[in-house]
Structure formats: structure tokens, C-alpha cells
Amino acid sequence: MAIRISNKLSKAAVLKQIMKRCSSLGKKQGYDDVDHLPIDVPKGHFTIYVGENKTRYIVPISFLTHPLFQCLLQRAEEEFGFDHDMGIIIPCEEVVFLALTSMLR
């Protein structure tokens, strides 16, 4: 799925599709039985994995609308795709990711 917005889909619809494709929503230990979301992730947030070690971060959904974060998502899609069980994997160094997200808060 491309991050670019087509004429047929609104920005909100595209972001919703990204979240559906990027989330590992399977029934796994530590996941809610009703919503199939990780128990430790607060509402309005999602999990991503960053860097070589794939360190797990919980970030607000509001980041999805920021152009810099959308660039990271585009790089993630190009390098890893979104159709896997791991969740969103961001292909950048953790230091760069932390610097970027500190500007978004």
C-alpha cells in the first residue's frame, strides 16, 4: 500500500488503512481478547519498532498526520513492507528517531 493519497481515498481513510496493515492484531499472549490490541498500549497510541535492534516504542496516533513521520512510514514501506506480523518497523537509527519524535511532541 502506498502512503501517497489517491483521488479516491481521503487522508483519514489512508491513515486508517496504514494502521490496519501495520498493526500486528493477531491473538497473541499480551493481547486483549476483544480488540486484539496489545494490553500495554494506551488508547490513541500504537507500537513501532526502530533501528537495528528493533527497539519497541509506543507513539501517539497523532504522529501519523505529521509530514516527517509520514516520510518515515514511506521508508518503512519501501524497505520492509507492511504485510507482516512484526508491526511497523522504522528503518532509521534510534537516535534519529528520538530526535524527530521529540520535535513532534
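Start by selecting T47, which sits in strand β1; strands here are DSSP runs of E with at least two residues, helices are runs of H or I with at least four, and both are numbered from the N terminus. Before you zoom in, note that this is a predicted model, where local features need pLDDT of at least 70, side-chain atom pairs count only at pLDDT 80 or more, and totals for chains, interfaces and linings use all residues. Residues are numbered from 1 along each chain as its sequence is written, and side-chain values use heavy atoms, with hydrogens and water left out.

**Stop 1: around T47**

Is T47 buried or exposed? T47 counts as buried because its relative accessibility is 14%; the cut-offs are under 20% relative accessible area for buried, over 50% for exposed and in between for partly exposed, using a 1.4 Å probe and protein chains only. Now show its surroundings: setting aside residues up to four places away in sequence, T47 touches V41, R56, Y57, I58 and I88, where a contact means heavy atoms within 4.5 Å. With R56 there is also a side-chain polar contact of 3.4 Å. That term covers a pair of N or O atoms within 3.5 Å; within protein, one must be able to donate a hydrogen and the other to accept it, and residues adjacent in sequence count only if both atoms are side-chain atoms.

**Stop 2: β1 and its partners**

Widen the selection to β1 (45–50), where five of the six residues are buried. Add β2 (55–60): the two strands pair in the antiparallel sense over six bridges, pairing being called when DSSP finds at least two bridges between strands. H45 is a handy marker, as it stands opposite P60 in β2.

Follow the chain round the hairpin, which has four residues between β1 and β2. In the turn, G51 has a positive phi of about 80 degrees. K54, in the loop between these strands, also has a positive phi, about 50 degrees, although K54 is not a glycine. Most residues other than glycine have a negative phi. At 33% relative accessibility, K54 counts as partly exposed.

Next, select β3 (residues 88–90), which pairs with β1 in the parallel sense over three bridges. Here Y49 stands opposite I89.

**Stop 3: helix α3**

Move to α3 (residues 94–104) and colour F97, L100, T101 and L104, which are buried. They lie on the same side of α3 because they cover an arc of only 95 degrees around the axis, taken from the directions from the helix axis to the C-beta atoms. V95 and M103, on the other side, are exposed. What do the buried residues of α3 pack against? Their partners are β1, β2 and α2 (67–80).

**Stop 4: the core**

Select I48, V59, F69, I90 and F97: of the 18 residues in the largest nonpolar core, these touch the most other members. Such a core is a set of buried Ala, Val, Leu, Ile, Met, Phe, Trp, Tyr and Cys residues joined through side-chain atoms within 4.5 Å. Its largest share, four residues, comes from α2. Centre on I90 and, leaving aside neighbours within four places in sequence, you will find contacts with I48, Y49, V50, G51, L72, L73 and A76.

**Last stop: confidence**

Finally, colour by pLDDT, the predictor's confidence in each residue from 0 to 100. The chain mean is 75, with 63% of residues at 70 or more. Among the elements, β2 has the highest mean (93) and α1 (residues 11–22) the lowest (59). Over residues 1–7, pLDDT stays under 50. Where pLDDT is low, the predicted coordinates should not be read in detail.
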